[in-house]
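Please walk me through the structure below in plain terms, from the overall outline down to single pairs of residues.

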Amino acid sequence: MGEKLAEMNDKYVRLYSEYENYRKRTNTEKADLILNGGREVLKSILPIVDDMERALQNTKDETAREGLQLIFNKLMTTLQQRGMKPIECKGEKFDENIHEAVAQIPAADESQKNIIIDVVEKGYYLNDKVLRHPKVVVAI
């Protein structure tokens, strides 16, 4: 009888432990899904953000530029409220985990080696995870 009780108790403890692990794992997955659920939607909006930035740079009409700037600021504020923020990298040290090097140029001096000289396409974080890697020019 004691053996049977010990066996059943062992099964119960194992089953309870498996259930707790399952519960913790599903809660973690659920939190991650809530936090990053819109990742693909935000990623698809990034080309529109790029186009708006180019339009702002190339618009000569001051009234049109002001209107575009208001719309752009509202869009960026909304995206930032959702956890998206730009990756600031010009002048920073190149990190292959974050940046994507699209070109290399000779460094003017030793202190500029492996430093990002220019940003070809902005990168963004979503809740501190890279949403899109910035495309950069690096001094070698």
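**From strands to salt bridges**

Strand S4, residues 123-126, pairs with strand S5 in the antiparallel sense, and three bridges join the two. One of these places can be named: Leu126 has Lys129 in S5 as its bridge partner. The model in which this pairing is found is a predicted one. As background, strands of a sheet pair through backbone hydrogen bonds, and the pairing is either parallel or antiparallel.

The pair S4 and S5 belongs to an open sheet of three strands, and the order across that sheet is S1-S4-S5, with antiparallel pairing. Strand S1 (84-87) and strand S5 (129-132) stand at the edges, and each has a single partner strand, so one side of each has no neighbour in the sheet. The strands do not lie exactly along one another: neighbouring strands of this sheet are turned by 40° on average, with direction ignored. A helix also packs on this sheet. Helix H2, residues 39-58, touches S1, S4 and S5, and the direction of H2 makes about 55° with that of S5.

A further open sheet is built from three strands in the order S2-S6-S3, and here the pairing is mixed. Its edge strands are S2 (100-105) and S3, each of which pairs on one side only. From one strand to the next, the twist averages 25°. Within this sheet, S3 and S6 pair in the antiparallel sense over four bridges. Val119 stands opposite Val136 in S6.

Now step back to the whole chain. The protein chain holds three helices and six strands. Read from the N terminus, its elements run α-α-α-β-β-β-β-β-β. What is the radius of gyration of the protein chain, and what would a compact globule of 140 residues have? The protein chain has 25 Å, whereas a compact globule of that many residues would have a radius near 14 Å. The C-alpha trace spans about 90 × 45 × 20 Å along its principal axes.

Two further values describe how the chain is covered. Of the 140 residues, 24% are buried. The accessible surface comes to about 10,300 Å², and carbon and sulfur atoms account for 55% of that surface. Contacts along the chain can be sorted by separation in sequence: among contacts between residues at least 6 apart, 63% join residues at least 24 apart.

The last topic is charge. Side chains of opposite charge can pair when their charged atoms come close. With a salt bridge taken as a side-chain nitrogen of Lys or Arg within 4 Å of a carboxyl oxygen of Asp or Glu, the count comes to eleven salt bridges.

Begin with a pair inside helix H2, the helix that packs on the sheet of S1, S4 and S5. Arg54 forms a salt bridge with Asp51, and their closest N and O atoms are 2.6 Å apart. Both residues lie in H2, three residues apart, which is about one turn of the helix. Are these side chains buried, exposed or in between? Arg54 is partly exposed, with a relative accessible area of 46%, and Asp51 counts as partly exposed at 44%.

Helix H3, residues 62-81, holds a pair with the spacing of three residues, about one turn of the helix: Arg65 and Glu62. Their side chains meet in a salt bridge at 3.2 Å, N to O. Arg65 counts as partly exposed at 26% relative accessibility, and Glu62 is partly exposed with a relative accessible area of 44%.

Next comes a salt bridge between Glu121 and Lys135, whose side chains meet at 3.0 Å, N to O. This pair links distant parts of the chain, with Glu121 in strand S3 (residues 116-121) and Lys135 in strand S6 (residues 135-139), 14 residues apart. Glu121 counts as partly exposed at 22% relative accessibility. Lys135 is partly exposed too, with a relative accessible area of 27%. Which residues are linked with Glu121 and Lys135 in a network of salt bridges? Asp50 and Arg132 are, giving a network of Asp50, Glu121, Arg132 and Lys135.

How values were computed
Residues numbered from 1 in each chain as written. Predicted model: local features only at pLDDT ≥ 70, side-chain atom pairs only at ≥ 80, totals over all residues. Heavy atoms only, no water. Pairing = 2+ DSSP bridges. Axes fitted to C-alpha atoms, helices over the stretch in contact; angles between N-to-C directions. Contact = heavy atoms within 4.5 Å. Buried < 20%, exposed > 50% of the residue type's maximum accessible area, 1.4 Å probe, protein only. Rg over C-alpha atoms; globule rule 2.2 N^0.38 Å. Areas by Shrake-Rupley, 256 points an atom, 1.4 Å probe, with all protein chains shown as cover.
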